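Welcome! Take a moment to look over the chain and the molecules drawn with it, and then read on for a short guided tour.

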Amino acid sequence: MMTEQEVKQLLIDTQAILEGHFLLTSGLHSPMYVEKFNVLQHPKYTERLCQELATRFKDQNVELVIGPMTGGILLAHEVGKALGTRAIFTEREKGVMTLRRGFRIEPGTRVLIVEDIVTTGGSVREVVDVVKASQGEIVGVGLLVNRSGGKADFGIPNDKVQALLNLTVPTYQPEECPLCKDSVPMTERGSKHIK
Ligand SMILES: O=P(O)(O)OC[C@H]1O[C@H](OP(=O)(O)OP(=O)(O)O)[C@H](O)[C@@H]1O
Ligand SMILES: O=C(O)c1cc(=O)[nH]c(=O)[nH]1
Ligand SMILES: [Mg+2]
């Protein structure tokens, strides 16, 4: 069992919580970024966090765990290991979230979606669409960090969504970003912007 405070402390201890001026995957700007790989680079911590996620869904008869590249691959693998299921991932092809590498979801499969960080929820929604397109049954959404202040909507009932840590972090449209107005240099992390 890991409490929300313990998860937060682990992120602080591994220096995963960064301050500055960041361009996010959604195109929004933010003064804070969770560099999930500062914690996920420690397999022991990844295992511990994923065991906690697995525990939250142990009664859901999960048959398949799926997450979006990049962090979602590690999470799906570890949660799938803990639950004794298959683990696959989605990736973007020309910007569109897809199943590649021969991955298949049979109709009716009980699917758990996992993701590292949620800002707008757009990436998780894309995975939801992939699972629904294959007629999988989404039995849960498990997140390391939901930083949306509860605003992200996946089109999934709230009682099926579990986040190990909930945060409310400001985000700004580029044209309204106060950090841009103050000419604070901006950094890009994650893989969305790699061309
Ligand atoms: O809720 P959203 O607004 O969709 O943003 C969150 C997404 O952005 C980050 O991924 P990113 O595309 O930066 O790539 P990565 O997972 O390869 O780091 C993060 O890992 C989530 O997948
Ligand atoms: O929205 C994002 O792109 C994002 C935010 C964050 O805090 N961490 C991350 O990995 N991605
Ligand atoms: Mg991602």
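What follows is a walk through this predicted model, from its annotated domain to its ligand surroundings and a few backbone details.

**The annotated domain**

A good place to begin is the UniProt record, an unreviewed entry, which places the feature "domain: Phosphoribosyltransferase" at residues 52-150. Over that stretch, the chain is 30% helix and 35% strand. The C-alpha atoms at the two ends of the stretch are 20 Å apart.

**Around ligand 1**

Ligand 1 is surrounded by 18 residues, and the closest are T70, T120, S123, G190 and S191. Two elements give two or more residues to this shell: β6 (110-118) and α5 (122-133). Strand β6 gives the most, with four residues. By character, the shell divides into four nonpolar, 11 polar and three charged residues.

The same unreviewed UniProt entry lists E115, D116, I117, V118, T119, T120, G121, G122 and S123 under "binding site". Two of these are worth a closer look. D116 is found in strand β6, and it is buried because 23 other C-beta atoms lie within 10 Å. Leaving aside neighbours within four places in sequence, D116 is in contact with K36, G71, G72, L75 and L144. S123, for its part, lies in helix α5. With 25 C-beta neighbours inside 10 Å, S123 also counts as buried. Its contacts beyond four places in sequence are T25, P68 and E115.

**Around ligand 2**

Which residues are found around ligand 2? They are L24, T25, S26, Y33, V34, K36, I117, T119, R147 and G190. This shell divides into four nonpolar, four polar and two charged residues.

T119 and R147 also appear in the UniProt record, where the unreviewed entry gives them the feature "binding site". Although spread over 29 residues of sequence, they cluster in space, with a largest C-alpha distance of 5.4 Å. T119 is found in the loop between β6 and α5, while R147 lies in the loop between β7 and β8 (161-166). Not counting residues up to four places away in sequence, T119 touches L24, S26, L28, R147, S148 and T171. On the same terms, R147 is in contact with V34, I117, V118, T119, L167 and V169.

Here is how burial works out for several residues of this tour, by C-beta neighbours.

| Residue | C-beta atoms within 10 Å | Class |
|---|---|---|
| T119 | 21 | buried |
| R147 | 24 | buried |
| R101 | 7 | exposed |
| S183 | 8 | exposed |

**A small sheet**

Next, find the open sheet of three strands, whose order is β2-β1-β9 with mixed pairing. Its edge strands are β2 (29-34) and β9 (187-188), each pairing on one side only. Strand β1 (residues 17-23) is joined to β2 by five bridges, and these two run antiparallel. Within that pair, L18 of β1 stands opposite Y33 in β2.

**Helix α4**

Helix α4 has 13 residues and reaches 18 Å from its first C-alpha to its last, close to the 18 Å expected at 1.5 Å a residue. Its buried residues are G71, G72, L74, L75, A76, E78, V79, G80 and L83. What do the buried residues of α4 pack against? Their partners are α2 (36-40), α3 (43-56), β3, β4 (86-93), β6 and β7 (137-146). Just after α4, G84 takes a positive phi of about 75°.

**Backbone details**

Most residues other than glycine have a negative phi, and most peptide bonds are trans. With that in mind, a few places in the chain are worth finding. The peptide bond from M69 to T70 is cis, with omega near 15°. T70 lies in the loop between β3 (64-68) and α4 (71-83), and it is among the closest residues to ligand 1.

R101 has a positive phi of about 60° although it is not a glycine. You can find R101 in the loop between β5 (96-98) and β6. S183 likewise is not a glycine, and its phi is positive, at about 55°. S183 sits in the loop between α6 (178-181) and β9.

Conventions: Residues are numbered from 1 along each chain as its sequence is written. Chains are lettered from A and ligands numbered from 1 in the order in which they are written. This is a predicted model: local features need pLDDT of at least 70, side-chain atom pairs count only at pLDDT 80 or more; totals for chains, interfaces and linings use all residues. UniProt positions are given in the numbering used here, feature names are shortened, and annotations may be inferred rather than shown by experiment. A residue is near a molecule or strand if its C-beta atom, placed from the backbone, lies within 6 Å of it. Ala, Val, Leu, Ile, Met, Phe, Trp, Tyr, Cys and Pro count as nonpolar, Asp, Glu, Lys and Arg as charged, and the others, Gly among them, as polar. Two strands pair if DSSP finds at least two bridges between them. A residue is buried if 20 or more other C-beta atoms lie within 10 Å of its own, exposed if 12 or fewer, and partly exposed in between; C-beta atoms are placed from the backbone. Two residues are in contact if their C-beta atoms, placed from the backbone, lie within 7 Å. The expected span of a helix is 1.5 Å times one less than its number of residues.
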